[in-house]
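Trainee: I would like to work through this structure with you, going step by step from single pairs of side chains to the contact between chains. Could we take one question at a time?

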Amino acid sequence: MTSLVALGDGPLFGLPLPELWFALLFVMLGTFLFLDGFDFGAGAIFAALDDDTERETVLAAIGPFWDGNEVWLVVFGGALFASFPSVYADLFSRHYLLMFGILGALILRGLAPEMYEQRHDPAWQRWWGRSFVAGSVLAPFLLGAFAGNWLAGSARSFTLVGVVVGVAVTLLTVVSGAAFLRLKTGRRLPESVARYGIAAVGGYLLAVVATLALLALRLPNGPDALLRLPVVVPVVASVALAAGYVVALRRGANLVALGAAAGLTYALVSVVAVVMYPAVDPATGATVREAIVSTLPLNLMSIGAALLLPLITTYFVVLYSAFSGPISAGEAY
Amino acid sequence: MIDPVIASRLQFALTTIVHIIFPVMSMGLAPFIVFFTWKDIRTGKPIYERLRRFWTKIFAVSFVVGTVTGIVLEFEFGTNFAAFSTTAGELFGGPLAIEGMMAFMLEATFLGVFVFGREKVGDVLYMISAVAVGLGTWLSAVWILIANSWMQTPRGYELVTENGQQVVHLVDPIAAYLNPRFGYMFVHMQNAAVESVALFMAGVAAYYVFRHHVWGYQVEDVDFWETTLKIALVGLLLTAPLQVVHGDMYGRHVAETQPQKFAAMEAVWETDSYVPEYIIAVPTDLADITNPRAKDLFGIGIPGGASWLASGGDPTAEIRGLNSFETEAPPVAIVFWAFRAMVGLGFWFVLLAFWGGYRWYTGELFEDGLLHKALMASSLLGVLATELGWIVTEVGRQPWVIQGVMRTSEGVSPGLTGAEATLTLGGFAVVYLGLLALYTYVVARIIRSGPPPREELRSTASPTGEVPASGVANDD
């Protein structure tokens with residue numbers, strides 16, 4: 001198969017593939033953070049509802065979606081492994097215990113809704129309800145901590161930056177979750193759901209400011225690394241998006257609010273990517289160009305991704321349009 | 001504190017052994033569920049809707065538990081086997097990434113439509129989603145087995161030194177991904193999954209059929225279980241003989257490509273010809289059970305049998321003994337016994353399939369209590385045989401993580417401490433055994449509560465649509 005081997009001669013169409021994959025990784029991470037984020041957020045809001053019907057409504061709202069949403073994490077992990085194997089290995093083994101915390105939270109989180117519906121007795125449901133909340137809050141917090149450590153180039157599992165980013169990401173999931181629940185459940189959940197979202201978006205902005213301040217102190221070139229257009233633009237945009245989110249949620253324009261939450265998520269992820277670049281692992285100083293796999297597998301993966309990503313988008317369009325609109329009274333998990 | 005290498009290996013073994021149960025269930029159930037859905041849509045007969053909904057519940061639980069345990073495996077390559085991931089990432093990471101994008105996405109998104117969408121989408125899209133879910137489970141196996149089979153028979157790569165570390169570079173993707181082992185592994189694994197599920201279905205159905213026809217209890221929905229038993233038997237008749245025939249070819253392929261593993265499977269220490277096939281072998285000293293250098297087995301064997309198997313018909317063929325390899329042998333006792341148990345079970349399943357098929361032919365399928373008991377007792381043995389097969393594959397290839405290229409001990413994360421590895425090993429032992437218990441409990445509950453009641457079916461549903469839209473909904 002000489003044609004396939006010839007793919008190793010140079011980058012496909014002369015494209016800057018290492019940078020494209022670096023960007024693609026953050027798109028995948030952002031997509032995971034937004035999609036699984038709104039069902040994590042729904043899990044956090046679940047804690048504030050004590051009426052059984054309301055709790056069932058939350059589970060029914062995320063039922064068809066959460067599994068597909070979570071696969072974005074697997075896709076992100078696989079893509080990181082495939083494109084920057086040494087970074088994958090260093091990053092995951094360096095944050096050994098944190099990674100296992102994330103996995104534990106995801107296990108709890110994944111099982112809980114399925115188990116909750118298996119038996120309709122109060123003790124069983126109370127227990128799985130708690131697991132659902134714990135997993136939904138812990139998973140984004142620990143993932144945020146992981147991302148914070150990654151960005152700050154820290155070798156330790158728990159750092160101040162990590163904790164602050166963890167809080168920011170958790171609040172961001174509540175922001176998305178509130179908009180999603182308002183959109184999907186109509187008036188079947190109390191008005192307070194919108195208030196949680198609005199409170200969370202305020203807290204989120206504070207946490208982002210705290211993160212930037214910590215980074216300014218910690219990064220080698222200090223504030224200069226942050227006072228660049230590609231960083232300033234998404235940060236300013238975040239403030240505007242947050243304001244738009246609040247207005248939209250108050251007016252009941254829930255789809256707009258959910259869109260603003262998506263915008264906030266991608267803005268956060270793009271700030272992380274821009275601050276990190278050209279490094280892909282600030283702790284070791286490995287740059288995107290150094291850590292990328294060799295040309296042949298990179299080209300093959302790029303072809304694979306170019307074919308599969310539109311297909312995946314189609315799957316999600318099918319899924320979300322099959323279950324579009326507010327859920328009705330008869331729907332169960 | 002356990003040594004990080006040992007702890008990482010134990011942890012990976014534990015998480016894989018538990019994880020594999022769930023993909024076996026979902027891959028094995030996939031063709032049955034596609035069949036039930038197709039028949040449901042085509043014929044509109046309530047029995048097929050009930051079959052689809054009942055087995056979809058078990059599929060959905062298996063899929064969820066499979067997802068959460070599978071994410072762990074993907075991440076363990078980074079956390080515990082960082083040196084392996086750095087060395088082999090270029091070849092190994094690609095298939096994992098494609099698996100996520102091509103297969104897992106397909107499966108997870110369409111499972112949402114399939115489980116929750118019967119009332120929401122049309123027949124065509126519903127059928128497409130059933131096929132997409134089934135196809136997704138099988139495509140997952142394609143990419144995972146490409147990655148695994150490359151470790152068994154690595155091809156299409158070259159070793160390059162980068163930053164003082166040996167790194168695998170992909171040079172020939174076709175040779176690497178369609179490596180010699182892949183086809184054998186894929187056929188053996190997928191057939192094993194369907195066979196395991198057929199046995200499981202047959203065992204569950206036999207329980208109800210037995211209670212009704214043999215013990216004379218009044219079992220509701222006995223027609224549901226009778227149909228299940230027949231469908232499971234068809235599955236078993238198709239898969240059990242194939243598994244034995246194919247397994248024999250697979251064994252010969254191992255003898256050619258991984259002679260050290262084959263020698264461990266047969267416990268051959270010294271290179272010899274006319275090697276017997278031991279049916280039973282016992283170490284003469286108890287301490288030798290865990291000793292990789294154990295010999296002096298007391299055994300009962302068929303003369304020339306192993307040579308005959310390895311060469312494909314020549315009882316005088318030479319088999320290379322474990323002592324002739326430079327590397328330490330894998331734990332022979334585990335490989336030897338796991339292999340024997342797997343093969344023994346494989347023959348037992350063929351016997352069961354023919355026995356059931358014969359009773360069906362003579363019209364006594366529902367009256368043969370002994371057959372029912374045998375099926376009930378065998379309901380989990382297919383999964384056990386699959387586990388044993390993986391133990392032969394994975395333990396048998398030790399000490400290599402990539403055959404002939406990298407040893408397992410060299411693949412472990414360099415910075416990993418014994419304390420960290422022991423802590424997570426302990427944590428996962430608790431969590432995974434808990435998961436297994438929980439899964440067993442939930443599946444047992446689904447089976448005990450039986451098929452969905454007739455009044456819940458679509459055909460008898462009220463026009464207001466007050467019917468649970470979900471196959472998972474369980475109204476307790």
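Trainee: How far apart, N to O, are the side chains of Arg252(B) and Asp248(B) where they meet in a salt bridge?

Mentor: Keep in mind that this is a predicted model, and begin with the general idea that side chains of opposite charge can pair when their charged atoms come close. Arg252(B) and Asp248(B) are four residues apart in helix H7 of chain B, which means that about one helical turn separates them. Their side chains meet in a salt bridge, and the N to O distance is 3.1 Å.

Trainee: Is Arg252(B) buried, partly exposed or exposed?

Mentor: Buried would require under 20% relative accessible area and exposed over 50%, with partly exposed in between. Its partner Asp248(B), at 31%, counts as partly exposed. Because Arg252(B) has a relative accessibility of 22%, Arg252(B) also falls into the class called partly exposed.

Trainee: Which residue forms a salt bridge with Arg53(B)?

Mentor: The partner lies in helix H2 of chain B, as Arg53(B) does, and the two are four residues apart, about one turn of the helix. Arg53(B) is buried, with a relative accessible area of 8%, and the partner is buried as well, with a relative accessible area of 3%. The closest N and O atoms of the pair are 3.5 Å apart, and the partner is Glu49(B).

Trainee: With which residue do the side chains of Glu364(B) meet in a salt bridge?

Mentor: Glu364(B) counts as partly exposed at 34% relative accessibility, and the partner, at 24%, counts as partly exposed too. The N to O distance is 3.0 Å, and the partner is Arg359(B).

Trainee: Which residues are joined into one network by salt bridges that share partners?

Mentor: Over all chains, the count comes to 15 salt bridges. Where such bridges share partners they join residues into one network, and the residues joined in this way are Glu266(B), Glu277(B) and Arg340(B).

Trainee: How many salt bridges are there between chain B and chain A?

Mentor: The two chains do touch, since 72 residues of chain B are in contact with 63 residues of chain A. Across this interface there are eight residue pairs in polar contact, yet the number of salt bridges between chain B and chain A is zero.

Trainee: What share of the area buried between chain B and chain A comes from carbon and sulfur atoms?

Mentor: Phe75(B), Met101(B) and Met105(B) supply 13% of the area that chain B buries against chain A, more than any other three residues. On the side of chain B that touches chain A, the residues divide into 45 nonpolar, 19 polar and eight charged. The area buried between the two chains is about 5900 Å², and the share from carbon and sulfur atoms is 78%.

Trainee: Which element gives the largest share of the side of chain B that touches chain A?

Mentor: The elements that give two or more residues to this side include helix H2, strand S2 and helix H14 of chain B. The largest share amounts to 24 residues, and the element that gives it is H3(B).

Trainee: How far apart are the end C-alpha atoms over residues 95-112 of chain A?

Mentor: An unreviewed UniProt entry lists residues 95-112 among the stretches of chain A under "transmembrane region". In the model, this stretch is 94% helix and 0% strand, and the distance between its end C-alpha atoms is 26 Å.

Key: Residues are numbered from 1 along each chain as its sequence is written. Chains are lettered from A and ligands numbered from 1 in the order in which they are written. This is a predicted model: local features need pLDDT of at least 70, side-chain atom pairs count only at pLDDT 80 or more; totals for chains, interfaces and linings use all residues. Side-chain values use heavy atoms; hydrogens and water are left out. Contact means heavy atoms within 4.5 Å. Buried area is the accessible area (1.4 Å probe) that two parts lose on being put together, summed over both. A salt bridge is a side-chain nitrogen of Lys or Arg within 4 Å of a carboxyl oxygen of Asp or Glu. A polar contact is a pair of N or O atoms within 3.5 Å; within protein, one must be able to donate a hydrogen and the other to accept it, and residues adjacent in sequence count only if both atoms are side-chain atoms. Ala, Val, Leu, Ile, Met, Phe, Trp, Tyr, Cys and Pro count as nonpolar, Asp, Glu, Lys and Arg as charged, and the others, Gly among them, as polar. UniProt positions are given in the numbering used here, feature names are shortened, and annotations may be inferred rather than shown by experiment. Buried means under 20% relative accessible area, exposed over 50%, partly exposed in between (1.4 Å probe, protein chains only).
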